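Let's take a walk through this fold, going from ring contacts to open space and then to a few spots in the backbone. Keep the viewer open as you read.

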Amino acid sequence: MNELNALWLYGSYARHDSDSWSDVDLLLISNSEVVEEDLGAEETLRRADLHVAGIPELSNWMNEPSKVSISRYTWNEIEEMASYGSLFLHHLRLEGKSLWEADAVKGRLAKLLKQLPPYERATTDLIAFRRTIADVRDSLFEGGSVAFEMIVLATVLRHSCILGCYLAGDPDFGRTSPVEKMATLLALDSQVSRSVIRLCRYRAFLDGHDSGTMKISAIDPVRWCDETDALVSMVRERFANVFR
């Protein structure tokens, strides 16, 4: 952690719409790759605190390290991501907040974000999304873990909707709001719209981010595969001009 250069906050805490189930999303940027064993959030925050004195929130987060999600990148990785307009960096540009930066790199990330080009890998993403859905479906038919595969499927659903919102010129990186926006934009049938949003809720339930109880039927996972696949195809068709 002696190479820590910058610590940024993004996600619900940066948007000021966090709730009791929200994670604290932190971006940690260093000069070189972490060669130590993968540090847990608690140890990472403890070491970061040696550099980032004077941030009140950091002390609070150290008391609940299980809520902290840390993305670690080197500057070389960040610059490579910037070269193709990474959606993660677009996310940072939209709502990220600098918590601390070493004097030598003050403003470096902000400058990269200001000059960020349009995202260039939408086609690749959509192909990967459909392949992942096919893998999920195959796993379900082969008796794979429903819980695990639904976490994967819900991730594909959310990311495809984040991509769709970006392509529509209305970027949204929220927990469920991108799905709700795309359901409206694509004019999904109300039943389908409620179903895919229910998949998001099921993901939150599996992650322990929903205090309620939730039961699903035997047919729900297969239906969610079909609906997510259809939504990805609709995103592809809706923004076909982008891929020409």
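Start with the aromatic rings. This is a predicted model, and the count of aromatic pairs in it comes to five. One of them is Tyr-10 with Phe-88, an edge-to-face pair with the ring centres 5.2 Å apart and the planes at 80° to each other. The planes are over the 60 degrees needed for that label. Tyr-10 belongs to strand S1 (residues 4-10) and Phe-88 to helix H5 (residues 87-95), so this contact ties together parts that sit 78 residues apart in sequence. Are these two rings buried or exposed? Tyr-10 has 7% relative accessibility, so it counts as buried. Phe-88 comes out at 18%, and it is buried as well because the cut-off is under 20%.

Now find Tyr-84 and Tyr-119, which make a tilted pair, 6.5 Å centre to centre with 55° between the planes. This pair also links distant parts of the chain, 35 residues apart. Tyr-84 is in the loop between helix H4 (75-83) and H5, while Tyr-119 is in the loop between helix H6 (108-114) and helix H7 (122-141). Tyr-84, at 16% relative accessibility, counts as buried, and so does Tyr-119, at 15%. Go back to Tyr-10 and Phe-88 for a moment and add Tyr-73: ring pairs link these three into a cluster.

Charges join in with the rings too. The charged end of Arg-121 sits over the ring of Tyr-84, 3.5 Å from its centre. Elsewhere, Arg-108 lies over the face of Trp-75, 4.2 Å from the ring centre.

While you're at Tyr-84, look at Gly-85, which is also in the loop between H4 and H5. Gly-85 has a relative accessible area of 0%, so it is buried. Its C-alpha atom is 4.9 Å from that of Pro-117, although the two residues are 32 apart along the chain.

Next, the empty space. Rolling a probe the size of a water molecule over the atoms shows where such space is left. Here, the largest pocket holds about 1,100 Å³. Which residues lie nearest its centre? They are Arg-158, His-159, Ile-162, Phe-173 and Gly-174, out of 34 that line the pocket. By class, that lining has 14 nonpolar, ten polar and ten charged residues.

Several helices contribute to the wall of this pocket. Helix H1 (12-15), H5, H7, helix H8 (146-167) and helix H10 (190-206) each supply at least two residues. Which helix gives the most? That would be H8, with six residues.

H8 deserves a look of its own. The helix has 22 residues, and at 1.5 Å a residue they should span 32 Å; the end C-alpha atoms are 31 Å apart, so the two values agree. An α-helix has 3.6 residues a turn, so residues three or four places apart point the same way. Val-146 is in H8, and its relative accessible area of 33% makes it partly exposed. The C-alpha atom of Val-146 is 7.3 Å from that of Pro-221, with their positions 75 residues apart along the chain. After H8 comes Gly-169, which has a positive phi near 80°.

From the pocket residue Arg-158 you can step across to Pro-178: their C-alpha atoms are separated by 6.8 Å, and the residues are 20 apart along the chain. Pro-178 is in helix H9. With a relative accessible area of 0%, Pro-178 is buried.

Finally, two backbone oddities. Most residues other than glycine have a negative phi. His-16 has a positive phi of about 65° although it is not a glycine. Where does His-16 lie? Look in the loop between H1 and strand S2 (24-30). His-16 is exposed, with a relative accessible area of 67%. Ala-187 is not a glycine either, and its phi is positive at about 55°. You'll find Ala-187 in the loop between helix H9 (177-185) and H10, and its relative accessible area of 61% makes it exposed.

Key:
Residues numbered from 1 in each chain as written. Predicted model: local features only at pLDDT ≥ 70, side-chain atom pairs only at ≥ 80, totals over all residues. Heavy atoms only, no water. Phe/Tyr/Trp six-rings, centres within 6.5 Å; stacked < 30°, edge-to-face > 60°. Helix = DSSP H or I, 4+ residues; strand = E, 2+ residues; numbered from the N terminus. Buried < 20%, exposed > 50% of the residue type's maximum accessible area, 1.4 Å probe, protein only. Lys NZ or Arg CZ within 6 Å of the ring centre and 35° of its normal. 1 Å grid on protein atoms, 1.4 Å probe; cavity = no way out; pocket = protein on both sides within 12 Å on 5 of 7 lines; lining within 4 Å. Points joined across faces, edges and corners; volume = space filled by probe spheres on them. Nonpolar A, V, L, I, M, F, W, Y, C, P; charged D, E, K, R; others polar. Expected span 1.5 Å × (residues − 1).
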